[in-house]
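Student: I have the sequence and the structure open beside me, and I would like to work through them slowly. Could you take my questions one at a time?

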Amino acid sequence: MTILDGKKISNDIKNEIAEQVKKMKENGEKVPHLAAIIVGNDGASLTYVASKVRACERVGFESTMVRLSNTTSQVELLDKIKELNENSDIDGFIIQLPLPKQIDTQKVLLAVNPDKDVDGFHPMNFGKMALDMSTFIPATPFGILELLDRYNVDTQGKHTVVIGRSHIVGRPMSILMGRKGFPGNSTVTLTHSHTKNITQITSQADIIISALGVPNFLKAEMVKDDAVIIDVGITRVPDDTTEKGYRITGDVDFENVSKKASFITPVPGGVGPMTIAMLLKNTLLARERQM
Ligand code: GUN
């Protein structure tokens, strides 16, 4: 069994990006600049955005964090997006999700200039992804592809079962794994809350990508021998024995599933760190495209 070490690979990627930024600076070029809008005070979202800003500093990018109050109106948020769309110093930006109830997420994502949409959430970029056109691939699915690639996991002709159809992970992942090329060329089943007999489906899978957000959902009896297991779950479970009062738990019963798996991602230290590395990669891409 091989652990897919997202922490190590994401560090490798950040070092590669830092090297490119260094060359940009030496050539007198502008370095990539990422902005992140965060609306409200959700603890997990604030933590994620802080990590994204730290990652920018680490690789030599410029970063801007835009904090808006929990009562921000749709119009105010759209104004801010317009400002970032028009600011030529900013190469790419993201709007941290989820957004407060008064805001229509789809309208907001539509307002982002697709050339600056480094999250790859704009329908135009999502469509390009589905049509094999060059675009920004959403960071978490992009990170999973990169992990599979760097560990030479064979996906060709394999049966991939994706659990969860979120717009951010499950849905794009199901498209990407079935695309032509590597990693891809796999036969994909997308399962979700209305799927019947899920164990029957997962137990036929060569590759399982679980993005459900239910701790310890995937048990050993749902998995066949030598399956590749990708755990995208990052649920905060209350735990008084930890300093923060919670621990991060994945969708996979790691202790038992890892005994059957050929490759498996840990939580934490698997898919999570890859997401940030690939956001940086998309931002670098956005900068290069504007040159
Ligand atoms: N919320 C959870 N994951 C993500 C992500 O990748 N990007 C943004 N913007 N919000 C998220």
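Student: How far apart do the C-alpha centres of domain 1 and domain 2 lie?
Tutor: This is a predicted model, and its domain assignment gives domain 1 as residues 27-114 and domain 2 as residues 139-272. Taking the C-alpha centre of each of these domains, the distance between domain 1 and domain 2 is 28 Å.

Student: Which elements give two or more residues to the shell around the ligand?
Tutor: The residues surrounding the ligand include Ile94, Ile95, Ala139 and Thr140, and the shell draws at least three residues from each of domain 1 and domain 2. Sorted by class, the shell holds 5 nonpolar, 3 polar and 1 charged residues. Strand β4 covers residues 92-95 and helix α6 covers residues 139-150, and the elements that contribute two or more residues are β4 and α6.

Student: Which strands are the edge strands of the open sheet, each pairing on one side only?
Tutor: The sheet is built from 6 strands in the order β1-β11-β8-β7-β5-β6, with parallel pairing. In general, strands of a sheet pair through backbone hydrogen bonds, either parallel or antiparallel. The strands that pair on one side only are those at residues 2-3 and 187-191, namely β1 and β6.

Student: Which residue in β7 does Val162 stand opposite?
Tutor: Strand β5, at residues 159-163, runs parallel to strand β7, at residues 207-210, and 4 bridges join the two. Across this pairing, the residue of β7 that stands opposite Val162 is Ile209.

Student: Is Asp226 buried or exposed?
Tutor: Asp226 lies in the loop between β7 and β8, and it is 9.9 Å from Ile264, C-alpha to C-alpha, although the two are 38 residues apart in sequence. A residue counts as exposed if 12 or fewer other C-beta atoms lie within 10 Å of its own. Because Asp226 has 11 such atoms within 10 Å, it is exposed.

Student: What radius of gyration does the protein chain have?
Tutor: The chain has 10 helices and 11 strands, and its C-alpha trace spans about 50 × 40 × 40 Å along the principal axes. Of its 291 residues, 44% are buried. A compact globule with 291 residues would have a radius of gyration near 19 Å, so the chain agrees with that expectation, its own value being 19 Å.

Technical notes:
Residues numbered from 1 in each chain as written. Predicted model: local features only at pLDDT ≥ 70, side-chain atom pairs only at ≥ 80, totals over all residues. Pairing = 2+ DSSP bridges. Helix = DSSP H or I, 4+ residues; strand = E, 2+ residues; numbered from the N terminus. Near = placed C-beta within 6 Å. Nonpolar A, V, L, I, M, F, W, Y, C, P; charged D, E, K, R; others polar. Domains from an automatic or database assignment. Buried ≥ 20, exposed ≤ 12 C-beta atoms within 10 Å, placed from the backbone. Rg over C-alpha atoms; globule rule 2.2 N^0.38 Å.
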